[in-house]
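Colleague: Could you take one helix of this model and go through it closely, with its surroundings and with the cut-offs behind each term?

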Amino acid sequence: MTKIGIIRCDNNLDSCPMTGCFTCLQDKKQGFSGYEHTTLTGVMTCHCPGDDVVAKAKILKAKGADVIHLCTCLFSKRTEGKAWSLGNGFCNHADEMARRIAQEAGITCIKGSAHLPKGYTPETFSPATAQA
Ligand code: SF4
């Protein structure tokens, strides 16, 4: 059983109840397709400019999370055709946040949750490989 923590963006707090994220986690699809069994440890909200994201990741880790996923909407945007494409998400530095989470909180961080952009493979930032 993989215990998963999710970090979302407060810019989307009042618009999305994370239905896609939770459904995909439960069904092991999209960003969660690599797991055999999943359970949700919890969700934390990151506030711009993201200075507190490592602290949020540490809380999720302390609550038992094995891995943290950043919501897809941080780094992707829904197009008019309703497909999602990379870029223009709520956060301009999702890569930097994922790297800091891996390095400073010591937990693997994966970019992606629901409705992955076509051709996008979720990027994994592991504590062992995150660069300073
Ligand atoms: S990734 Fe999709 S479902 Fe998850 S919080 Fe963002 S908009 Fe909502």
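Modeller: What follows is a close look at helix α1, then at the ligand shell and the nonpolar core to which it contributes. This is a predicted model, in which local features need pLDDT of at least 70 and side-chain atom pairs count only at pLDDT 80 or more, while totals for chains, interfaces and linings use all residues. Residues are numbered from 1 along each chain as its sequence is written.

The helix α1 covers residues 19-27, where helices (H or I, at least four residues) and strands (E, at least two) are DSSP runs numbered from the N terminus. In α1, the residues C21, C24 and L25 are buried; a residue is buried if 20 or more other C-beta atoms lie within 10 Å of its own, exposed if 12 or fewer, and partly exposed in between, with C-beta atoms placed from the backbone. These three cover an arc of only 100° around the axis, and therefore lie on the same side of α1, the arc being that of the directions from the helix axis to the C-beta atoms. The face turned away from that buried side carries the exposed residues T19, Q26 and D27. The buried residues of α1 pack against β1 and β2, a contact being two C-beta atoms, placed from the backbone, within 7 Å. Just after the helix, K28 takes a positive phi of about 55°.

The helix also takes part in the shell around the ligand, to which α1 gives the largest share, 3 residues. Of the 13 residues in that shell, C16, G20, C21, C71 and C73 come nearest, a residue being near if its C-beta atom, placed from the backbone, lies within 6 Å of the molecule. The shell divides into 6 nonpolar, 6 polar and 1 charged; Ala, Val, Leu, Ile, Met, Phe, Trp, Tyr, Cys and Pro count as nonpolar, Asp, Glu, Lys and Arg as charged, and the others, Gly among them, as polar.

Turning to the largest nonpolar core (a set of buried Ala, Val, Leu, Ile, Met, Phe, Trp, Tyr and Cys residues joined through C-beta atoms within 7 Å), I68, I101, I107 and C109 touch the most other members among its 33 residues. Elements giving two or more residues to this core include α1, β1 (2-9) and β2 (38-46), while α3 gives the most, with 6 residues. Leaving aside neighbours within four places in sequence, I107 is in contact with A57, K61, A65, V67, I68, I101, A102 and P127.
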